Amino acid sequence: MNVQSADTRGSKAAAIKRKGRQPVDNSFPALKIALREWVVAEFMSARVLDVYGGYGLMYRQVWSRVSSSYEATDGDSLAWLQDRESLDYDLFDVDPYGSPFEALQIIAKRAIRNRIGLVCTDGCLRRQGTYRGNLPKVVEQTCGWGSENKALMASIYYNYPGHLRYLLRHLMPGWFIETLAVRYGKGGGKHTMAYFAFILKRVES
Ligand SMILES: C[S@@+](CC[C@H](N)C(=O)[O-])C[C@H]1O[C@@H](n2cnc3c(N)ncnc32)[C@H](O)[C@@H]1O
């Protein structure tokens with residue numbers, strides 16, 4: 001898939017802007033900080049790439065203190081990732097308004113370390129499950145999930161962690177999920193936000 005034209009049907013930011021409101025960058029800062037502190041403690045040294053909205057609150061509250069180096073993308077995040085041949089970082093902060101899954105797909109292909117940590121905000125998957133909306137194309141294609149399958153959408157809503165784990169396994173082949181922390185049901189209409197952090201180990205061939 002051409003990620004630069006990644007489907008944005010599930011974009012939370014777009015939906016919010018259509019209603020004339022501005023998206024909020026950090027609705028649950030304490031939770032976001034806790035997930036980052038949890039993941040960084042798993043690494044001896046942390047070279048961090050901030051994929052969305054670098055040098056913001058998470059930089060000031062966490063990464064500026066605990067990272068051994070910190071870099072942020074510039075311009076469109078997905079294009080920036082796609083333009084890199086390799087991504088030499090220990091930790092990836094993936095904090096978009098909508099779907100983090102397009103970025104995760106690129107990271108899986110470009111990351112060169114054998115063990116990486118990722119911390120994500122998901123304003124998309126459970127949200128679409130809640131409203132029986134449309135899943136992002138990358139999710140439909142990766143899992144063979146159809147947005148018209150209303151039973152599946154309900155299942156995503158009620159068992160978000162199980163579906164997330166399945167999606168990550170298929171979205172990021174070549175990696176093994178060492179550990180995954182998920183917090184969902186936070187904020188918004190019908191509690192649609194989800195936050196998760198996970199550690200991946202490269203599968204030895
Ligand atoms: C939830 S906020 C990130 C908050 C930030 N990490 C912090 O610590 O405050 C999402 C950010 O991603 C940016 N963003 C959204 N889509 C983007 C894209 N396609 N390319 C680059 N930045 C994007 C928004 O402008 C916003 O700054």
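A residue counts as buried if 20 or more other C-beta atoms lie within 10 Å of its own. With that in hand, helix α8 is a good place to start looking at this predicted model. In α8, which spans residues 150–158, Met 153, Ile 156 and Tyr 157 are buried. These residues sit on the same side of α8, because they cover an arc of only 100° around the axis. The general rule behind this is simple: an α-helix has 3.6 residues a turn, so residues three or four places apart point the same way. What do the buried residues of α8 pack against? Their partners are α6 (125–131) and α9 (160–171). On the face of α8 turned away from its buried side, things look quite unlike that, with Ala 151 and Tyr 158 exposed.

Zooming out, the chain has nine helices and six strands. Of its 205 residues, 40% are buried. The fold also brings together parts that lie well apart in sequence: taking contacts between residues at least 6 apart, 70% join residues at least 24 apart.

Next comes the nonpolar core. The largest one holds 51 residues, and those with the most contacts inside it are Leu 91, Phe 92, Val 94, Ala 103, Ile 107 and Leu 118. Strand β6 (residues 193–202) supplies the largest share of this core, with eight residues. As a general point, nonpolar side chains in soluble globular proteins tend to be buried together.

Several of these names turn up again in strand β3. Leu 91 and Asp 93 point one way from β3, while Phe 92 and Val 94 point the other way, and all are buried. That fits a common pattern, since side chains in a regular strand alternate between the two faces of the sheet. Leu 91 has plenty of company: beyond its neighbours within four places in sequence, Leu 91 is in contact with Val 39, Val 40, Phe 43, Ala 46, Val 48, Ile 116 and Gly 117.

Which strands does β3 pair with? One is β4, which pairs with β3 in the parallel sense over four bridges. Here Leu 91 stands opposite Gly 117, and Val 94 has Cys 120 as its bridge partner. Another is β1 (residues 47–50), which runs parallel to β3 and is joined to it by three bridges. In that pairing, Asp 50 stands opposite Asp 93. As for β4 itself (residues 115–122), seven of its eight residues are buried, so this strand is largely enclosed by the rest of the structure.

Not everything is tucked away. Glu 85 sits in the loop between α4 (77–83) and β3 (91–94). Glu 85 is exposed, because just 6 other C-beta atoms lie within 10 Å, and a residue counts as exposed at 12 or fewer. Glu 85 and Lys 109 are 24 residues apart in sequence, yet their C-alpha atoms are 9.3 Å apart in space.

Finally, there is the ligand. Of the 13 residues around the ligand, Tyr 52, Gly 53, Gly 56, Met 58 and Ser 77 come nearest. Which helix gives the most to this shell? Helix α3 (residues 57–66) does, with three residues. The shell as a whole is a mix of six nonpolar, four polar and three charged residues.

Note on methods. Residues numbered from 1 in each chain as written. Predicted model: local features only at pLDDT ≥ 70, side-chain atom pairs only at ≥ 80, totals over all residues. Helix = DSSP H or I, 4+ residues; strand = E, 2+ residues; numbered from the N terminus. Arc of directions from axis to C-beta. Contact = placed C-beta atoms within 7 Å. Near = placed C-beta within 6 Å. Nonpolar A, V, L, I, M, F, W, Y, C, P; charged D, E, K, R; others polar. Core = buried A, V, L, I, M, F, W, Y, C linked by C-beta atoms within 7 Å. Pairing = 2+ DSSP bridges.
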